[in-house]
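Here's a quick tour of the fold, taken one sheet at a time. Have the structure open while you read.

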Amino acid sequence: MKILIVSDWYSESMGYSENFLPMAFGKLNQEVHLVTSNLQVYATSTDYDKVYKNKLGNSQTKTGVFKNLYFTLHRNYSEVSRYGINIIGLEEKIKKLNPDVIYCFEINLLTTALLAKLKPKYNFCLFCESRMHSSVFSPPTNLISKVKFWISNRHFWLEDVINNVDIFYPIAPDVYFNITNYFCIPSEKCKLASLSVETGIFNSERNEVSVTRFREKLGFGDADIVCVYTGRFTADKGPLILGQAIDYLHEIGYVFIKGLFIGCGDADYQSQLQNCKGCTTLPFVEPKDLPNIYHSSDIGVWPLQESTSQLDAMACGLPIIVNDTVEDVDRFEGNGVRFKKNDFKDLAKKILLLVETEQRVNMGAIGANRIKQKYSWEVFAQQRLVEFFYFVNKKCTLL
């Protein structure tokens, strides 16, 4: 089967769906092509230079066709407008590659609208993933906001998207609710499909020597409990809430609890993190280097938004703390604790619930096993292929 994955942007050194999903399909002996723009992830963000440039370089990168072991990467020039990112030459790529299946990301993108319009012409099967978590999606609440929502999300394109996408994959229950209620995606066309983990990289196999060296390098003692956060240092992600919780714990005598923050962000925000007692910040690292960081830590904490990093940390055997508005609770049952959103003192209390080593180890084992059984990219790709083959065969039968 020939699978074409279309993503508005792509960065080789990140750990998102567009990085691991093409590899997962390629490992299952499918012909896989990833078509994207010449933009790095978050290239259109006003914070790109502050948050990502040190890790990814310039927001635009070179175009061309690049082959690796599992898939072929096609980078095309792009145009950015108020409607979104336009991958120039996308239709020509589809015509040339003639895929059986196209997989894309998010229902309200210019790219998805174009693919939906092109489907009848080129007769491919079309599948669309959605990540519209309630933590990042603001639904319209009155007539004026509904009109603006209607215009800004280009509902005049949604009819094609609804009619021509074969299956929508909301990645969590709250995403399912948002796309069915606010975008009118038919429930019968939706299938819950959580994001997954590259378990060949993220797993519970620790290198004790590397762990010891890393902790010693950062000044963490054997008795210290390290709470780790990875991602952007921005208010919408809320790592400062964890920093404030660690600072508060130090104030009341729990100086053995430390905070480790991996990422980058606004200089002022990062400075606030660094001023919190017991907290250490490090820049972004490659995905291959993250497992040792998770193995060297004791608790994973993501104070606000959902993140694939939570799953990666779970795969490495960390218990997880998230806020009480996170709705995808299946991920964290038995291996996670929830705190009152934006309440750093309550977060501090929840950290103290996990000071016993045996409890953390047991919870971490539950999470690691769940990831291996339910959330690996290998399992994800196998499940998607069954559905792809069904629709491809159905299309062939109708022809």
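Which residue in β7 is the bridge partner of Leu4? That would be Ile102. Keep in mind that this is a predicted model.

## The mixed sheet

Leu4 and Ile102 are bridge partners, and their strands belong together: β1 (residues 2–7) and β7 (residues 101–105) run parallel and are joined by four bridges. Zoom out and you get an open sheet of seven strands with mixed pairing, ordered β3-β4-β2-β1-β7-β8-β9. At the edges stand β3 (64–67) and β9 (167–170); each has a single partner strand, so one side of each is left without a neighbour in the sheet. On average, neighbouring strands here are turned by 20° against each other, direction ignored.

## Helix α5 on top of it

Helix α5 covers residues 110–122, and its 13 residues reach 18 Å from first C-alpha to last, close to the 18 Å expected at 1.5 Å a residue. The helix lies across β1, β7 and β8 (125–130), and runs at about 160° to β8. Its buried residues include Leu110, Ala113, Leu115, Leu118 and Tyr122. Right after α5 comes Asn123, with a positive phi near 60°.

## A closer look at Thr112

Is Thr112, a residue of helix α5, buried or exposed? Buried: its relative accessible area is 0%, and the cut-off for calling a residue buried is under 20%. Skipping the neighbours within four places in sequence, Thr112 is in contact with Cys104, Phe105, Glu106, Ile107, Cys128 and Val161. Glu356 is another story: it sits 244 residues from Thr112 along the chain, and their C-alpha atoms are separated by 48 Å.

## The parallel sheet

There's also an open sheet of six strands, with parallel pairing and the order β12-β11-β10-β13-β14-β15. Its edges are β12 (279–282) and β15 (336–339), each with a single partner strand, so one side of each has no neighbour in the sheet. Neighbouring strands of this sheet are turned by 25° against each other on average, direction ignored.

At the β15 edge, four bridges join that strand to β14 (residues 320–323), and the two run parallel. Here Ile320 stands opposite Gly336 in β15.

Two helices to look for on this sheet: α10 (residues 239–251) packs on it, touching β10 (225–233), β11 (257–265), β12, β13 (299–302) and β15, and its direction makes about 155° with that of β11. Helix α13 (residues 308–315) also packs on the sheet, touching β10, β13 and β14, and its direction makes about 155° with that of β14.

Key:
Residues numbered from 1 in each chain as written. Predicted model: local features only at pLDDT ≥ 70, side-chain atom pairs only at ≥ 80, totals over all residues. Heavy atoms only, no water. Expected span 1.5 Å × (residues − 1). Buried < 20%, exposed > 50% of the residue type's maximum accessible area, 1.4 Å probe, protein only. Pairing = 2+ DSSP bridges. Axes fitted to C-alpha atoms, helices over the stretch in contact; angles between N-to-C directions. Contact = heavy atoms within 4.5 Å.
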